[in-house]
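Have your viewer ready and your selection tool at hand. Let's walk through this model together, one selection at a time.

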Amino acid sequence: MKIGVLALQGAVSEHINMVKSLGVEAIPVKTVEEIKAIDGLIMPGGESTTMGRLITKFGLENVIKERIKEGMPVYGTCAGMILLAKRIKNYNQFSLGILDITVVRNAFGRQIDSMEVDLQVKGLEDPFHAIFIRAPVAIDLGSDVDALASLEEGVVFLKQGNVYASAFHPELGNDPRIHKMFIESVKSFLNK
Amino acid sequence: MEEIFGSVKVKRGLAQMLKGGVIMDVTSVEQAKIAEEAGAVAVMALEKIPADIRAQGGVARMADPALVKAIMNAVSIPVMAKVRIGHFVEAQVLEAIGIDFIDESEVLTPADETHHIDKWKFKVPFVCGARNLGEALRRIAEGASMIRTKGEPGTGNIVEAVRHMRMVMDEIRKIQNMSEEELYVEAKELGAPIELVKEVKALGRLPVVNFAAGGIATPADAALMMQLGADGVFVGSGIFKSSNPRKRAEAIVAATTYFDDPKIIAKVSEELGEEMKGIDIRQLTEDELMQVRSE
């Protein structure tokens, strides 16, 4: 099993280290060929406008969409969630249009409103200590989108088919449970 | 559910989100929009870019809060602004208007020749310049959430940024080869806390994100700094002192992502127009150097 972390910009090494700590191979990917050769893709946190421009400029849009259609699991954190969304409130920017959600960017405010908080997550017994950084939230979820965790501002962790997205950053903490969840879905994709 | 604001993780975390990206100096709303459209991960709001500060002389201070606020309202990406070294009230002012990141910067005229700002007191993260590992660790000990090389700002000359990045990397490698008992004397010589020296040995890198800054003017300059181990780059005067800022900014963004792909760097480097003229550092006198301000 090989997990790719989209390495256009952002918190790439943090995801790679987290996946590796679970005994799974993880590599940075930033070309069509590299994205074709992986079994699961993580789209990391960073600046969604920057990554969106690089995805279009370097022609990665189609390969990512095709792989998702094939059933390859994808997990977007923060900027990754924005890039996977169908609708982005108030901003005219690129996204892959996969998740049937509306993303509200910077939903909590500016950096001084960034925070850590314990979250109840569907499928996890104990709360998950979540780190939010200039984070978005999801609203107006389509009927096939599962809300897995929410705060007052909106949904912060969700799943639609083979695509996961979180507004917070499990890669910045040391709790691997959400990465484990994702790796399990990659396992079942490979077993199909 | 208790929310924790301004923690170390949250402050260092924003810097981690900027990795692999380009932070651009801007002096107007119009420039900030160009930077965002070109793919900047953040902008640095300034009254004057370093090249003009250098040319005009006088005391350089924090930008007008009205200008900073206008830029914050104009773009969706994080906005940074500079304060004078040691000027904690300028930092309080920027925090009060909701700035995302503060650069305690040698580009402005220092306000305190002995003390830097106690950055632990702030919820907003700080970035500070460093020329070597000792300086970097002292700034981190004071609460900096991000480090950048000082380089020699406003010169369009990469030589000092290269020197500073190589120095930090060399010193980290040296520490990794030391035995535990050698670290105490090393900490003393670096003028840095032993706990941070031990952390550097364990991590094999700085405990915070480390960007390159000072003199980056071309896509190849940005890629050079990335190949030398920078986590990302600041471009100050290099973009808006060139003849085609938008195209050059886009090219530097691409070269920072594909820093290890010379074919892409070659392609984006074509026909960028005239770059900023640049200054030979050897022609600057000792008191014209910004990098020596406060260690």
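The tour below starts with a whole chain and ends at single cysteines.

Before you click anything, keep in mind that this is a predicted model.

**Stop 1: chain B as a cartoon.** Select chain B and colour by secondary structure: you should find 13 helices and 9 strands. The radius of gyration of chain B is 18 Å, close to the 19 Å from the globule rule for 295 residues, so chain B is as compact as a globular protein of that length. Turn the C-alpha trace along its principal axes and chain B spans about 55 × 50 × 45 Å.

**Stop 2: inside chain B.** Now colour by accessibility. Of the 295 residues in chain B, 61% are buried. Switch to a contact map if you have one: among contacts in chain B between residues at least 6 apart in sequence, 67% join residues at least 24 apart.

**Stop 3: the surface of chain B.** Show the accessible surface, which comes to about 11,800 Å² for chain B. Carbon and sulfur atoms account for 49% of that area. Next, select the charged side chains: chain B has 36 positive and 45 negative ones. How far apart do the centres of the two sets lie? The answer is 0 Å.

**Stop 4: the cysteines.** Select the cysteine sulfur atoms in every chain. How many disulfides are there over all chains? With a cut-off of 2.5 Å between sulfur atoms, the count is 0.

Zoom in on two cysteines to finish. Cys78(A) has a relative accessible area of 6%, and Cys128(B) has 1%. Buried means under 20%, so Cys78(A) counts as buried, and so does Cys128(B).

Conventions:
Residues are numbered from 1 along each chain as its sequence is written. Chains are lettered from A and ligands numbered from 1 in the order in which they are written. This is a predicted model: local features need pLDDT of at least 70, side-chain atom pairs count only at pLDDT 80 or more; totals for chains, interfaces and linings use all residues. Side-chain values use heavy atoms; hydrogens and water are left out. Helices (H or I, at least four residues) and strands (E, at least two) are DSSP runs, numbered from the N terminus. The radius of gyration is taken over C-alpha atoms; the globule rule is 2.2 Å times the number of residues to the power 0.38. Buried means under 20% relative accessible area, exposed over 50%, partly exposed in between (1.4 Å probe, protein chains only). Contact means heavy atoms within 4.5 Å. Accessible areas come from the Shrake-Rupley method with a 1.4 Å probe; for residues, only the protein chains shown count as cover. Lys and Arg count as positive and Asp and Glu as negative; His and the chain ends are not counted. The place of a charge is taken as NZ of Lys, CZ of Arg, CG of Asp or CD of Glu.
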